[in-house]
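Welcome, and please take a moment to look over the model before reading on. The paragraphs below walk through it one feature at a time.

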Amino acid sequence: MSEMTEMEVLNKVASYCSTAEHCRSEVVEKMQRWGVPYEVVERVADKLEQEKFIDEERFCRAFVNDKYRFAKWGKVKIGQALLLKKIPQSVYWPFLNEIDKEEYIGILRKLLAAKKKSVRAENEFELTNKLVRFALSRGFEMKDIRLCMDVPEENEIAE
């Protein structure tokens with residue numbers, strides 16, 4: 001990309017931020033890919049935060065909502081994705097806790113019911129294991145998986 005003035009970078013990134021929620025790390029990464037000098041990247045990102053084009057809390061609320069409602073991710077996977085975007089746990093944790101428990105469990109139940117139809121298993125034990133692994137891979141916690149399935153606690157398994 002040819003040399004852009006700081007104002008052109010600011011306008012272009014502000015336009016990018018006005019189409020969808022983005023966090024600071026996404027915006028910084030985008031400017032770095034364009035070859036914008038580090039000092040300019042920092043100044044532009046600071047200005048965008050001051051003018052509320054970038055708002056980490058607003059971003060977290062939207063991200064958490066989209067990922068659990070539409071992508072059907074569990075809280076663990078959502079949290080890991082936000083950490084990868086350099087968002088501190090203290091910022092995103094309150095939004096994960098705002099998730100409606102009944103709706104969340106309902107999503108997990110539907111996911112497991114749909115997956116159960118396609119899973120091939122020799123017996124009930126193998127089926128349960130495959131469903132648990134599937135739910136864990138989607139970022140759901142064991143305590144929530146247990147609520148949706150008849151899975152014994154680790155300490156209840158025959159010793």
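Helices here are DSSP runs of type H or I with at least four residues, and they are numbered from the N terminus. With that in hand, you can place glutamate 42: this residue belongs to helix 3, which covers residues 38-50. Please keep in mind throughout that you are looking at a predicted model.

Let us stay with glutamate 42 for a moment. Its relative accessibility is 23%, so it counts as partly exposed. Glutamate 42 also has company, as Arg24, Glu42, Asp46 and Glu49 are linked in a network of salt bridges. To get a feeling for distances across the model, find phenylalanine 95 as well: 53 residues separate it from glutamate 42 along the chain, and the C-alpha atoms of the two are 27 Å apart.

How many salt bridges does a search of the whole structure find? The count is 15, and a few of them make good stops on our tour. Begin in helix 2, which spans residues 24-33 and holds both glutamate 29 and arginine 33. These two residues form a salt bridge, and their closest N and O atoms are 3.2 Å apart. They are four residues apart in the helix, about one turn. Are the two partners buried or exposed? Glutamate 29 has a relative accessible area of 44% and is therefore partly exposed, while arginine 33 reaches 55% and is exposed, because the cut-off for that word is over 50%. Glutamate 29 has another relation worth tracing: valine 41 is twelve residues away along the chain, and the C-alpha atoms of this pair are separated by 9.1 Å.

Next, find lysine 47 and glutamate 51, whose side chains meet in a salt bridge with an N to O distance of 2.8 Å. Lysine 47 has a relative accessible area of 36%, which makes it partly exposed. Glutamate 51, with 41%, is partly exposed too.

Another salt bridge brings together the side chains of glutamate 98 and arginine 61, at 3.7 Å from N to O. Which parts of the chain does this pair link? Glutamate 98 sits in the loop between helix 6 (89-97) and helix 7 (101-118), whereas arginine 61 is in helix 4 (residues 56-69), so the salt bridge joins distant parts of the chain, 37 residues apart. Arginine 61 has a relative accessibility of 45% and counts as partly exposed.

Now turn to the aromatic rings. The count comes to three aromatic pairs, and ring pairs link Tyr68, Tyr104 and Phe140 into a cluster. Tyrosine 104 has a charged neighbour as well: the charged end of lysine 75 sits over its ring, 5.1 Å from the centre. A similar arrangement can be found at tryptophan 34, where the charged end of lysine 12 sits over the ring at 4.8 Å from its centre.

How do two helices lie against each other? Two packed helices are described by the angle between their axes and the distance between the axes. Take helix 5 (residues 75-84) and helix 6: their axes come within 10 Å and cross at roughly 150°. The two helices are therefore roughly antiparallel to each other, since angles over 145 degrees count that way. Their crossing is right-handed.

The loops have something to show too. Most residues other than glycine have a negative phi. Lysine 52, in the loop between helix 3 and helix 4, has a positive phi, near 65°. Lysine 72 also has a positive phi, near 60°, and lies in the loop between helix 4 and helix 5. With a relative accessible area of 30%, lysine 72 is partly exposed.

For a last stop, go to helix 8, which runs over residues 124-137 and contains threonine 128. Is threonine 128 buried or exposed? Its relative accessibility is 18%, and because buried means under 20%, threonine 128 counts as buried. Lysine 116 lies twelve residues from threonine 128 along the chain, and their C-alpha atoms are 9.1 Å apart.

Key:
Residues are numbered from 1 along each chain as its sequence is written. This is a predicted model: local features need pLDDT of at least 70, side-chain atom pairs count only at pLDDT 80 or more; totals for chains, interfaces and linings use all residues. Side-chain values use heavy atoms; hydrogens and water are left out. A salt bridge is a side-chain nitrogen of Lys or Arg within 4 Å of a carboxyl oxygen of Asp or Glu. Buried means under 20% relative accessible area, exposed over 50%, partly exposed in between (1.4 Å probe, protein chains only). Rings of Phe, Tyr and Trp (its six-membered ring) pair if their centres lie within 6.5 Å; planes under 30 degrees apart count as stacked, over 60 as edge-to-face and the rest as tilted. A charge sits over a ring if NZ of Lys or CZ of Arg is within 6 Å of the ring centre and within 35 degrees of the ring normal. Axes are lines fitted to C-alpha atoms, for helices over the stretch in contact, and angles run from 0 to 180 degrees between N-to-C directions. Angles under 35 degrees count as roughly parallel, over 145 as roughly antiparallel, 65 to 115 as roughly perpendicular and the rest as oblique. A crossing is left-handed if the near helix is turned anticlockwise from the far one by less than a right angle, and right-handed if clockwise.
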